[in-house]
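Let's walk through this one together, feature by feature. Have the model open while you read.

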Amino acid sequence: MELKQFLQIMEIPYHEIDIFIEAFTHPSYANEHRLKNHDYERLEFLGDAVLQYHVSRYIYDLYPDLPEGRLTKLRAKLVREESLARFARELDLGSLIFLGAGELNNGGRDRDSVLADIFEAFIGAVCYDCGHEYVEKVLNKTVYKHVKDVDYDEITDFKTRLQELIQADQRKTVTYDLISATGPSNNPVFEMAVKMDDMVLGIGVGSSKKRAEQKAAKDALDKLAK
C-alpha cells in the first residue's frame, strides 16, 4: 500500500505529504540516500510528547477516581515500546517504512524498537500537519480501544518498581550509568548499569538510553527475586 492511499483510508486530510514521508523514513535510508535531517527522529520526539498528553488526558477523564500513581503506571504501559509496536502492527505501518538495505535485511520492518519509533513519528506528523483532532482519530483506532485491556495493577515501569523496592527496604536511591555507546548513529547500542552506591545491581542494553535503563532495572529485579 502506498503512503497516500494509507492516509486516505485513515481519513487523514494531509496538507504536506513530505512530512509524512519524513515520518516513515528510517535513519538508515536517509543515510544511504544522503537525506540530511530527513529521517523520522525529530517527528518521533514530537510524537512522544503528543502521545503523553493525549493518553494522559484520556485516562484522566476515563478514571476520575484513579490516583496519580496508578494513572502514571497505566500510561507507562500504554506508551511503552511493546505497546506502541503493537499499535503500529495493527495499522500495518511496517510496510510503509523507507529502510536502508542493511536494516531491511535485519528485519527492521518488524522490530519492536523501529515500529514504536515509527508510531510516535506518525503521531507527530499527524499533529503537526493536521492537528489534535486527527491525532484523536488515530488514537481511537489504536491506543484507546486497548486501555481497558491493560491490567494497571501490574507495574511494567521497571525503573519505578526497582526504586520503590530499594526505598522500602533500605531508603536509598539507585543511579544509572552509561557503560558504553556503540554502533552507527542510525543504529546505536547503549549499555547502562543500575547501581546502588557503588554496587552494580543490573545491566541492560537497548537502542536508546531510556530503553537500556529499563532493561537494567528489569535485570536487577530478576536478580533480586532470586
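Q: What comes right after α8, and what is its phi?
A: α8 is followed by G131, and the phi of G131 is positive, near 105°. Helices here are DSSP runs of H or I with at least four residues, strands are E runs of at least two, and both are numbered from the N terminus. Before going on, keep in mind that this is a predicted model, where local features need pLDDT of at least 70 and side-chain atom pairs count only at pLDDT 80 or more, while totals for chains, interfaces and linings use all residues. Residues are numbered from 1 along each chain as its sequence is written, and side-chain values use heavy atoms, with hydrogens and water left out.

Q: How many residues does α8 have, and how far does it reach?
A: Start with the general picture: an α-helix has 3.6 residues a turn, so residues three or four places apart point the same way. For the span, the expected value is 1.5 Å times one less than the number of residues. α8 has 19 residues and reaches 26 Å from its first C-alpha to its last, close to the expected 27 Å.

Q: How many residues of α8 are buried?
A: Buried means under 20% relative accessible area, exposed means over 50%, and partly exposed is in between (1.4 Å probe, protein chains only). In α8, 17 of the 19 residues are buried, so the helix is largely enclosed by the rest of the structure.

Q: Which residues other than glycine have a positive phi?
A: E11 is one of them, with a phi of about 60°. You'll find E11 in the loop between α1 (3-9) and α2, and E11 is exposed at 54% relative accessible area. D197 is another case, with phi near 60°. D197 sits in the loop between β2 (189-196) and β3, and is exposed at 53%.

Q: How much space lies in the largest pocket?
A: Definition before number. Take a 1 Å grid over the protein atoms alone: a pocket is an open set of points with protein on both sides within 12 Å along at least five of seven lines, and lining residues have an atom within 4 Å of a point. Points are joined across faces, edges and corners, and the volume is the space filled by probe spheres set on them. The 1.4 Å probe gives about 1100 Å³ for the largest pocket. Of its 42 lining residues, the closest to the centre are R80, E81, S208, K210 and R211.

Q: Which element gives the largest share of that lining, and how does the lining divide by class?
A: The elements that give two or more residues include α5 (68-78), α8 (112-130) and α11 (209-225). The largest share, six residues, comes from α4. For classes, Ala, Val, Leu, Ile, Met, Phe, Trp, Tyr, Cys and Pro count as nonpolar, Asp, Glu, Lys and Arg as charged, and the others, Gly among them, as polar. This lining has 13 nonpolar, twelve polar and 17 charged residues.

Q: Which residues line the second largest pocket?
A: This pocket holds about 160 Å³, and its lining is I19, E22, R42, L43, F45, L46 and Y128. The largest share of that lining, four residues, again comes from α4. By class there are five nonpolar, no polar and two charged residues.

Q: How many salt bridges are there?
A: Side chains of opposite charge can pair when their charged atoms come close. The rule is a side-chain nitrogen of Lys or Arg within 4 Å of a carboxyl oxygen of Asp or Glu, and the count comes to twelve. One of them pairs R80 with E82, the closest N and O atoms being 3.8 Å apart. R80 is partly exposed at 28%, and E82 is partly exposed at 44%.

Q: Where do D110 and R89 lie in the chain?
A: These two meet in a salt bridge at 2.9 Å, N to O. The pair links distant parts of the chain: D110 is in the loop between α7 (101-105) and α8, R89 is in helix α6, and they are 21 residues apart. D110 is exposed at 52%, whereas R89 is partly exposed at 37%.

Q: Which parts does the K159 and E213 pair tie together?
A: The closest N and O atoms of K159 and E213 are 2.6 Å apart. K159 lies in helix α10 and E213 in helix α11, so the salt bridge ties together parts 54 residues apart in sequence. K159 is partly exposed at 27%, while E213 is buried at 16%. Elsewhere, salt bridges that share partners join E81, D117 and R211 into one network.
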